[in-house]
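Please describe how the helices of this protein chain are arranged and which of their residues face inward or outward.

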Amino acid sequence: MAKIEKNSTEKVMSQRLHQLQNLLEAQPSDCFLRYAIGLELVKSEKFDEAISCFNQLIQSNPEYTATYYQLAQVYLLRNLKEEAEHVLIAGMKLTRDTDHHTFSELQNSLTNLHLGLLDDE
């Protein structure tokens, strides 16, 4: 029974990812669609593809600040702590004076990384 549920969940995620990719083809500059694709890739445990997707978004739209947190989290899932730290710091520099909420999330994540609180996640 669990295998059927997993296959069903994977199918839904795959369909959702396909729908988002089709929408992105029609609207290639839509930041939210690229961000949503990255999140779907993470859910599907396609971490390398998610990293690539989030990096593309940061390069094309560095002001889409939620991406920094999500990219850092994927790096941490891959145990790439140094890369996560660089992304968190870059996001903090960008949001320091403009987006206090995102700055705080990035700062908390960086602090947790430095304290070793993210090692078991």
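The report below goes from the overall make-up to the helix pairs, then to single helices and loop residues.

**Overall make-up**

The model is predicted. The protein chain has 6 helices and 0 strands, and its elements, read from the N terminus, run α-α-α-α-α-α. Of the 121 residues in the protein chain, 36% are buried. Among contacts with a separation of 6 or more, 39% are between residues 24 or more positions apart.

**Helix pairs**

The table lists crossing angles and axis distances for three helix pairs.

| Helix pair | Crossing angle | Axis distance |
|---|---|---|
| Helix 2 and helix 3 | roughly 160° | within 8 Å |
| Helix 3 and helix 4 | about 155° | 10 Å |
| Helix 4 and helix 5 | roughly 170° | within 8 Å |

Helix 2 covers residues 31–43, and its axis crosses that of helix 3 at roughly 160°. An angle over 145 degrees counts as roughly antiparallel, so helix 2 is roughly antiparallel to helix 3. The crossing of these two helices is left-handed. On the helix 2 side, the residues that meet helix 3 are Cys31, Arg34, Tyr35, Ile37, Gly38, Leu39, Leu41 and Val42. Their partners in helix 3 are Phe47, Glu49, Ala50, Cys53, Phe54, Gln56 and Leu57.

Helix 3 spans residues 47–60 and packs against helix 4 at about 155°. That angle makes helix 3 roughly antiparallel to helix 4. The crossing of helix 3 and helix 4 is left-handed. Helix 3 contributes Phe47, Ala50, Ile51, Phe54, Asn55, Leu57 and Ile58 to this contact. From helix 4 come Thr67, Tyr68, Gln70, Leu71, Val74, Tyr75 and Leu77. Phe47, Ala50, Phe54 and Leu57 of helix 3 thus take part in the contact with helix 2 and in the contact with helix 4.

Helix 4 and helix 5 cross at roughly 170° and are therefore roughly antiparallel to each other. Tyr68, Leu71, Ala72, Tyr75 and Leu76 form the helix 4 side of the contact. The helix 5 side consists of Lys81, Glu83, Ala84, Val87, Leu88, Ala90, Gly91 and Leu94. Tyr68, Leu71 and Tyr75 of helix 4 contact helix 5 and also belong to the contact with helix 3.

**Helix 5**

The 15 residues of helix 5 should span 21 Å at 1.5 Å a residue, and its end C-alpha atoms are 21 Å apart, which agrees. Ala84, Val87, Leu88, Gly91, Met92 and Thr95 are its buried residues. These cover an arc of only 135° around the axis, so they lie on the same side of helix 5. The cover over this buried side includes helix 4 and helix 6. The face turned away from the buried side carries the exposed residues Glu82 and Lys93.

**Helix 6**

Helix 6 holds 16 residues, 100–115; its expected span is 22 Å, and the 22 Å between its end C-alpha atoms agrees with this. Thr102, Phe103, Leu106, Ser109, Leu110 and Leu113 are buried in helix 6. Viewed down the axis, the buried residues fall within an arc of 130°, so they line one face of the helix. They pack against helix 4 (66–77) and helix 5 (81–95). On the other side of helix 6, the exposed residues are His100, His101 and Leu115.

Ser104 is also placed in helix 6. With 32% relative accessibility, Ser104 counts as partly exposed. Its C-alpha atom is separated by 8.2 Å from that of Met92, and the two residues are 12 residues apart along the chain. Met92 is one of the buried residues of helix 5. After helix 6 comes Gly116, with a positive phi near 75°.

**Loop residues with positive phi**

Most residues other than glycine have a negative phi. Which residues here are not glycine but have a positive phi? Glu45 is one of them, with a phi of about 60°. Glu45 sits in the loop between helix 2 and helix 3 and is exposed, with a relative accessible area of 61%. Asn79 is another, with a phi near 60°. Asn79 lies in the loop between helix 4 and helix 5 and is exposed, its relative accessible area being 52%.

How values were computed:
Residues are numbered from 1 along each chain as its sequence is written. This is a predicted model: local features need pLDDT of at least 70, side-chain atom pairs count only at pLDDT 80 or more; totals for chains, interfaces and linings use all residues. Side-chain values use heavy atoms; hydrogens and water are left out. Helices (H or I, at least four residues) and strands (E, at least two) are DSSP runs, numbered from the N terminus. The expected span of a helix is 1.5 Å times one less than its number of residues. Buried means under 20% relative accessible area, exposed over 50%, partly exposed in between (1.4 Å probe, protein chains only). The arc is that of the directions from the helix axis to the C-beta atoms. Contact means heavy atoms within 4.5 Å. Axes are lines fitted to C-alpha atoms, for helices over the stretch in contact, and angles run from 0 to 180 degrees between N-to-C directions. Angles under 35 degrees count as roughly parallel, over 145 as roughly antiparallel, 65 to 115 as roughly perpendicular and the rest as oblique. A crossing is left-handed if the near helix is turned anticlockwise from the far one by less than a right angle, and right-handed if clockwise.
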